[in-house]
Amino acid sequence: MGVRIKGLGFYVPGKRLTNFDLEKMVDTSDEWIRTRTGIQERRIASNDEATSDLAYQAAVQALQRAQVKPEELDMIIVTTATPDYLFPATACIVQSKLNAQNAACFDVEAACPGFIYGLEIARGFLELPRYRKVLVIGAETLSRLVDWEDRNTCVLFGDGAGAAVLEKDNTDHGIISSYLKGNGALGQLLILPAGGSRRPATQDTVQQREHYIKMQGREVFKYAVTGMQEAALKTLERAHIKPEDITWLVPHQANIRIIEATRERLGIPEHKVYVNIAKYGNTSAASIPIALTEMVEEGKIKEGDLVLLVSFGAGFIYGGMLIKW
Ligand code: COA
């Protein structure tokens with residue numbers, strides 16, 4: 001018995017923040033951002049939108065396309081680094097908005113690879129007889145955690161959500177293999193220092209701007225490339241598939257140069273790699289489900305395609321997943 005994605009959806013806020021807008025906010029240029037990251041614009045949630053609002057919109061679309069009613073859901077998993085609250089879980093808020101009264105619900109904090117982690121957790125549950133339909137959502141409002149005075153980070157991130165409905169499947173389609181890994185020793189290189197139990201909010205943490213993302217970009221870049229490569233190769237090895245045999249590589253959209261370096265190391269031609277970073281920037285856990293939804297909408301992914309997902313993020317954690325569509 002396998003596990004298959006039955007429907008996908010995504011939602012991004014209407015407000016676009018372009019590189020030219022950022023030129024007016026910090027000492028940067030459209031040229032620098034485009035050539036160093038591949039990003040041209042990103043979406044920003046409105047003041048009355050939180051992560052659960054984005055997640056809900058993506059979920060509604062995914063459920064419609066899967067032809068699944070909210071009350072049929074056995075579980076809702078929201079993967080996010082930007083929950084509405086520390087508790088209750090964002091998944092509980094989404095459950096209430098959907099009126100999915102039969103669903104268990106919890107959040108997973110696995111940074112950018114969160115969606116891959118969420119799919120793997122859903123797969124584990126769906127292998128048990130009791131669970132039949134699971135909704136996995138990657139959703140972020142990173143604009144709330146970005147220091148809009150720090151040009152090293154504020155140009156990189158965007159808001160959005162993507163969702164997938166997963167079901168048991170008795171064909172040979174669906175999730176084939178996966179590889180999840182962590183390296184917690186390097187956690188300080190990409191961190192939100194305050195607001196948790198280590199550094200609760202005080203006047204001092206606010207003054208020191210410790211409630212914003214801190215990142216050693218150059219270091220993160222190096223580990224991202226080696227982590228994505230390892231995750232891709234191990235995932236393929238576990239399925240006895242060679243890189244040249246995959247139809248699509250769908251990488252986490254953090255930086256076009258990370259994607260390009262990973263692609264080159266794997267020896268995968270450019271036309272097999274899906275890239276949408278120019279439109280959305282880095283939407284963390286939402287990046288892969290947004291990409292997958294667009295690919296399906298554009299008719300790029302076809303039945304039987306071998307699709308390799310790969311991601312890297314704060315932790316550090318990284319992972320890959322191979323799906324036969
Ligand atoms: N505009 C203009 N100049 C900028 C800038 C910006 N937005 N941000 C940084 N710079 C400057 C730096 O201050 C530095 O100037 P200096 O040489 O005078 O000190 C110069 O550009 C080069 O900085 P550097 O950090 O070496 O640039 P880079 O080529 O490594 O690119 C990142 C920076 C952040 C784009 C890149 O390191 C990166 O993408 N890292 C990974 C980040 C990531 O993906 N994080 C999430 C992981 S999921």
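A helix here is a DSSP run of H or I at least four residues long, a strand is a run of E at least two long, and both kinds are numbered from the N terminus. One more thing before you look: this is a predicted model.

**View 1. Polar atoms meet the ligand.** Let's start with the side chains that reach the ligand with an N or O atom. R36 has a side-chain N or O atom 2.7 Å from an oxygen atom of the ligand. R257 does something similar, with 3.1 Å between an N or O atom of its side chain and a ligand oxygen. For W32, the partner is a nitrogen atom of the ligand, 3.4 Å from a polar atom of the side chain. How much of the ligand's own accessible area does the protein cover? Out of 960 Å², 77% is covered.

**View 2. The shell around the ligand.** Five elements each supply two or more residues here: helix 2 (30–37), helix 6 (151–154), helix 8 (217–239), helix 9 (256–266) and strand 12 (306–313). Which one gives the most? That's helix 8, with four residues. There are 23 residues around the ligand, and the ones that come nearest are T28, R36, R151, R218 and N255. Sorted by type, the shell has 10 nonpolar residues, eight polar ones and five charged ones.

**View 3. A ligand between two domains.** Zoom out a little and the chain splits, by its domain assignment, into domain 1 (2–171) and domain 2 (175–324). Why does the ligand lie between them? Both domains give residues to the shell around the ligand, so that's where it sits.

**View 4. Where the domains touch.** Taken over C-alpha atoms, the centres of the two domains are 14 Å apart. Domain 1 puts 51 residues into the contact, and domain 2 puts in 48. People often give the size of an interface as the accessible area lost when the parts come together. Between domain 1 and domain 2, about 3,900 Å² is buried, with carbon and sulfur atoms giving 65% of that. On the domain 1 side, look for F10, C112 and I116: these lose the most area to domain 2, and together they make up 17% of what that side buries.

**View 5. Two cis peptide bonds.** One of these joins F87 and P88, with omega at about 5°. You'll find P88 in the loop that runs between strand 4 (75–79) and helix 4 (90–98). Another cis peptide bond links G315 to F316, and there omega is about -15°. F316 is in a loop as well, between strand 12 and strand 13 (317–324).

**View 6. A positive phi at Q67.** Which residue has a positive phi although it is not a glycine? Q67 does, at about 55°. Its place is the loop between helix 3 (51–66) and strand 4.

Note on methods:
Residues numbered from 1 in each chain as written. Predicted model: local features only at pLDDT ≥ 70, side-chain atom pairs only at ≥ 80, totals over all residues. Heavy atoms only, no water. Near = heavy atom within 4 Å. Polar contact = N/O pair within 3.5 Å; in protein donor to acceptor, adjacent residues only side chain to side chain. Areas by Shrake-Rupley, 256 points an atom, 1.4 Å probe, with all protein chains shown as cover. Nonpolar A, V, L, I, M, F, W, Y, C, P; charged D, E, K, R; others polar. Domains from an automatic or database assignment. Contact = heavy atoms within 4.5 Å. Buried area = accessible area lost by both parts, 1.4 Å probe.
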